[in-house]
Amino acid sequence: MARLVELSLPQNFSLSQSLVSYGHVALAPNSWTPGDSDPDDGGVFSRPLRCNEGVAVVSVRQRDGTLLIEWIGEPGVRQPDPEKNFVSQIRRCLRIDEDVSGFHELCPDARRRRWG
């Protein structure tokens, strides 16, 4: 059974640029498949994440201002709050909650590229 969580994103957030900026696309066992026309609308990032039963593969994609986090939940597997667990790990991985305004002041080119 597939499970899906939607996460609101900050204005001007770019999934593809964040993944490239932090180097996640180059690290195994992560996987990044860009979208056909716009990498942020249709691109899919997959990576294993920790959960109570060990590891689950989670897929993440961006649609407009929303991050869609999806994983396969096995019937009978009990986990207290997988949504909170996975969302917390993805937020940390992509640094969604970090204030990067100081970095952008020092490096305006990074801001234009939507890095950081």
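Trainee: Which residues touch the most other members of the largest nonpolar core?

Mentor: In this predicted model, that core has 22 residues, and Leu-15, Val-60, Leu-67, Ile-69 and Leu-94 touch the most other members. The elements giving two or more residues to the core are strand 1 (2-8), helix 1 (15-22), strand 3 (44-51), strand 4 (54-63), strand 5 and helix 2. Helix 2 gives the most, with five residues.

Trainee: What is Ile-69 in contact with, leaving aside its neighbours within four places in sequence?

Mentor: Quite a list! Ile-69 is in contact with Arg-3, Leu-4, Val-5, Leu-7, Val-58, Ser-59, Val-60, Val-87 and Ile-90. As a general point, nonpolar side chains tend to be buried together in soluble globular proteins.

Trainee: OK, on to the rings. Which two residues form an aromatic pair, and what makes it edge-to-face?

Mentor: The count comes to one aromatic pair. Trp-71 and Phe-86 form that pair, with 4.8 Å centre to centre and 75° between the planes. The centres have to lie within 6.5 Å, and planes over 60 degrees apart count as edge-to-face. The 4.8 Å fits the distance limit and the 75° fits the angle limit, so the pair is edge-to-face.

Trainee: Which parts of the chain does the pair link?

Mentor: Distant ones: Trp-71 is in strand 5 (residues 66-72) and Phe-86 is in helix 2 (residues 82-94), 15 residues apart.

Trainee: How do you know whether Trp-71 is buried or exposed?

Mentor: Check its relative accessibility against the cut-off: buried means under 20%. Trp-71 has 4%, so it counts as buried. Its partner Phe-86 has 1%, so Phe-86 counts as buried too.

Trainee: Why do Glu-70 and Arg-61 count as a salt bridge?

Mentor: A side-chain nitrogen of Arg must be within 4 Å of a carboxyl oxygen of Glu. Here the N to O distance is 3.4 Å, so the rule is met. The structure holds one salt bridge.

Trainee: And why is Glu-70 called partly exposed?

Mentor: Partly exposed sits between the 20% and 50% cut-offs. Glu-70 has 27% relative accessibility, so it falls in that range. Arg-61, with a relative accessible area of 22%, is partly exposed as well.

Trainee: What makes Arg-111 count as exposed?

Mentor: Exposed means over 50%. Arg-111 has 54% relative accessibility, so it counts as exposed.

Trainee: Where does Arg-111 lie?

Mentor: Arg-111 lies in helix 4 (residues 108-112). The C-alpha atoms of Arg-111 and Val-100 are separated by 9.2 Å, and the two residues are 11 residues apart along the chain.

Key
Residues numbered from 1 in each chain as written. Predicted model: local features only at pLDDT ≥ 70, side-chain atom pairs only at ≥ 80, totals over all residues. Heavy atoms only, no water. Helix = DSSP H or I, 4+ residues; strand = E, 2+ residues; numbered from the N terminus. Buried < 20%, exposed > 50% of the residue type's maximum accessible area, 1.4 Å probe, protein only. Phe/Tyr/Trp six-rings, centres within 6.5 Å; stacked < 30°, edge-to-face > 60°. Core = buried A, V, L, I, M, F, W, Y, C linked by side-chain atoms within 4.5 Å. Contact = heavy atoms within 4.5 Å.
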